[in-house]
Protein chains: 2
Amino acid sequence: MTKETTRERIITVADNLFYEQGFDHTSFADIAGETSISRGNFYHHFKTKDQILEAVIELRLKNTLAMIKEWEAASHCAKERIKSYITILDRNKNKIAKHGCPVGTLTSELAKLSHDAQGSANKIFSLFDEWLQIQFIDIGLNDEAELLSQHVLARSQGIATLYNTFQSDTFLKKEISLLLEWLEETCSTTTANH
Amino acid sequence: MTKETTRERIITVADNLFYEQGFDHTSFADIAGETSISRGNFYHHFKTKDQILEAVIELRLKNTLAMIKEWEAASHCAKERIKSYITILDRNKNKIAKHGCPVGTLTSELAKLSHDAQGSANKIFSLFDEWLQIQFIDIGLNDEAELLSQHVLARSQGIATLYNTFQSDTFLKKEISLLLEWLEETCSTTTANH
DNA sequence: AATGATTTAGGACGATTGTCCTATTTTGAG
DNA sequence: CTCAAAATAGGACAATCGTCCTAAATCATT
């Protein structure tokens with residue numbers, strides 16, 4: 001494993017801090033503290049704070065894509081792949097309880113800040129969206145794929161938001177199973193067409 | 001109509017700005033600018049910025065309660081009342097497109113800031129939650145009321161988040177009708193018990 | 001070993017932050 | 001009208017923000 005460069009280290013730490021504290025509320029001093037890098041050195045790698053944000057979003061896109069590829073490798077069945085997406089809610093429950101969904105909270109924050117990187121951040125959402133659409137098309141739900149994909153996205157976003165607020169495990173468990181049930185029903189409506 | 005006091009004016013303006021820009025990103029200068037009140041005068045009404053936040057949350061609780069009372073006055077049928085809640089998504093679509101759901105985005109932000117007012121902000125969510133539960137109990141779904149209420153909350157939160165991101169009207173329309181359909185189905189399962 | 005380029009450290013900058021203080025003005029009760 | 005109380009204005013504060021600059025240290029290539 002190659003050693004992490006300074007630039008990569010900055011991005012990794014910033015990624016976590018932006019998730020935990022929010023982009024706007026995270027200062028250079030915060031990042032410097034956790035990286036043990038002097039403040040002045042930042043500007044040799046990034047000219048502005050916004051450039052760090054762009055790099056963080058790029059990293060998240062890369063990591064998201066890698067995660068999706070893992071799901072694809074682990075399962076050749078589209079329905080199972082969608083399940084992989086839904087069950088992140090359970091796998092990441094501890095972090096979601098503390099800081100919400102990393103995708104949804106970032107886009108919400110950037111929307112409020114009217115930040116230029118809004119479009120870039122939305123791409124992470126789009127990445128999930130388009131991938132889910134492909135899965136639904138694969139199942140045979142071509143016409144409805146777009147709305148079905150966004151339905152899954154919306155449901156999981158809402159679950160994350162509410163779990164972040166109330167941190168009720170019974171709620172989380174119930175909602176995940178409801179969403180999985182919905183997936184089964186939705187798939188079974190067209191398996192007759194095969 | 002009695003004239004708005006200075007204190008009330010500060011809270012009203014702060015309420016809007018916190019919603020539009022976020023709490024952390026809104027400065028005293030911002031509020032002062034929109035209220036035409038000198039910065040120094042603030043501290044005669046509020047000792048800290050956090051106290052303004054508490055007052056804003058209090059106002060939102062009051063307004064939420066008033067809105068709920070309107071729904072109750074407008075409809076004696078519990079199902080219709082729940083519909084009133086669901087269709088806020090459509091009535092407030094323009095603001096949601098720009099700034100997201102005022103309840104969800106505030107609680108998310110305060111969670112990231114580890115802010116003391118987190119508990120107060122969550123009360124707004126709880127207010128909707130408990131009220132929705134009462135409606136479901138009124139329908140006769142006593143045992144499931146809690147999970148049904150939170151299901152509605154989660155769904156609407158997710159719809160708001162995604163509409164804020166993609167601003168797709170077809171998505172919004174479709175999801176609202178899906179949620180209304182769900183409500184019909186959920187209610188009809190127990191009308192047999194009457 | 002020598003030299004040029006890259007990387008790092010740390011201070012300085014102007015602007016802005018929330019907070020506080022002190023005059024001045026406005027208000028309301030006697 | 002009087003005068004104490006409440007409300008307002010505006011400057012000062014220490015701290016922090018993102019940004020920039022320069023000197024020192026490290027690296028890589030010859």
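Chain A is built from 11 helices and has zero strands. Read from one end of the sequence to the other, the pattern of chain A is α-α-α-α-α-α-α-α-α-α-α. Taken along the principal axes, the C-alpha atoms of this chain fill a box of roughly 65 × 35 × 35 Å. The model is a predicted one, and the values that follow are best read with that in mind.

A natural place to begin is the contact between the protein chains. Chain A contributes 38 residues to the contact, and chain B contributes 38 residues as well. The size of an interface is often given as the accessible area lost when the parts come together. For chain B and chain A, the buried area is about 3,100 Å². Carbon and sulfur atoms give 62% of that area. Turning to specific interactions, 10 residue pairs are in polar contact between chain B and chain A, with both residues at pLDDT 80 or more. The number of salt bridges between chain B and chain A, by contrast, is zero.

Which elements of chain B give two or more residues to the side that touches chain A? They are helix 1 (6-21), helix 7 (93-99), helix 8 (102-113), helix 9 (118-139), helix 10 (145-166) and helix 11 (169-191). Helix 10 of chain B supplies the largest share of this side, with 14 residues. Sorted by class, the side of chain B that touches chain A has 18 polar, 13 nonpolar and seven charged residues.

The DNA comes next, starting with strand C. DNA strand C is surrounded by 15 residues, and the closest of them are A:Thr6, A:Ser38, A:Gly40, A:His44 and B:Lys49. Sugar or phosphate accounts for 60% of the atoms of DNA strand C within 4 Å of the protein, while the rest belong to bases. Individual contacts illustrate both kinds of partner. On the base side, a polar backbone atom of A:Gly40 is 3.3 Å from a base nitrogen of DNA strand C. On the phosphate side, a polar backbone atom of B:Phe28 is 3.0 Å from a phosphate oxygen of DNA strand C, and a backbone N or O atom of B:Lys49 lies 2.8 Å from a phosphate oxygen of this strand. The elements that give two or more residues to the surface near DNA strand C are helix 3 of chain A, together with helix 2 (28-35) and helix 3 of chain B. Helix 3 of chain A provides the largest share, four residues. By class, the surface near DNA strand C has 10 polar, three nonpolar and two charged residues.

Attention now moves to the other strand. Around DNA strand D there are 15 residues, the closest being A:Lys49, B:Thr6, B:Ser38, B:Gly40 and B:His44. Of the atoms of DNA strand D that come within 4 Å of the protein, 61% are accounted for by sugar and phosphate. A polar backbone atom of B:Gly40 is 3.3 Å from a base nitrogen of DNA strand D. Side chains also take part: a polar side-chain atom of A:Tyr43 lies 3.2 Å from a phosphate oxygen of DNA strand D, and a polar side-chain atom of B:His45 lies 3.0 Å from a phosphate oxygen of the strand. Two or more residues of the surface near DNA strand D come from each of helix 2 (28-35) and helix 3 (39-45) of chain A and helix 3 (39-45) of chain B. The largest share, four residues, is that of helix 3 of chain B. The residues of this surface divide into 10 polar, three nonpolar and two charged.

Finally, some side-chain pairs deserve a look. Over all chains, the structure holds 12 salt bridges. In one between B:Asp15 and B:Arg60, the closest N and O atoms are 2.7 Å apart. Because B:Asp15 lies in helix 1 of chain B and B:Arg60 in helix 4 (residues 49-74) of chain B, the pair ties together parts that are 45 residues apart in sequence.

Aromatic pairs number 16 over all chains in a search of the whole structure. B:Phe136 and B:Trp182 form an edge-to-face pair, 6.2 Å centre to centre and with 75° between the planes. B:Phe136 lies in helix 9 of chain B and B:Trp182 in helix 11 of chain B, so this pair ties together parts that are 46 residues apart in sequence.

Key. Residues are numbered from 1 along each chain as its sequence is written. Chains are lettered from A and ligands numbered from 1 in the order in which they are written. This is a predicted model: local features need pLDDT of at least 70, side-chain atom pairs count only at pLDDT 80 or more; totals for chains, interfaces and linings use all residues. Side-chain values use heavy atoms; hydrogens and water are left out. A residue is near a molecule or strand if one of its heavy atoms lies within 4 Å of it. A polar contact is a pair of N or O atoms within 3.5 Å; within protein, one must be able to donate a hydrogen and the other to accept it, and residues adjacent in sequence count only if both atoms are side-chain atoms. Ala, Val, Leu, Ile, Met, Phe, Trp, Tyr, Cys and Pro count as nonpolar, Asp, Glu, Lys and Arg as charged, and the others, Gly among them, as polar. Contact means heavy atoms within 4.5 Å. Buried area is the accessible area (1.4 Å probe) that two parts lose on being put together, summed over both. A salt bridge is a side-chain nitrogen of Lys or Arg within 4 Å of a carboxyl oxygen of Asp or Glu. Rings of Phe, Tyr and Trp (its six-membered ring) pair if their centres lie within 6.5 Å; planes under 30 degrees apart count as stacked, over 60 as edge-to-face and the rest as tilted.
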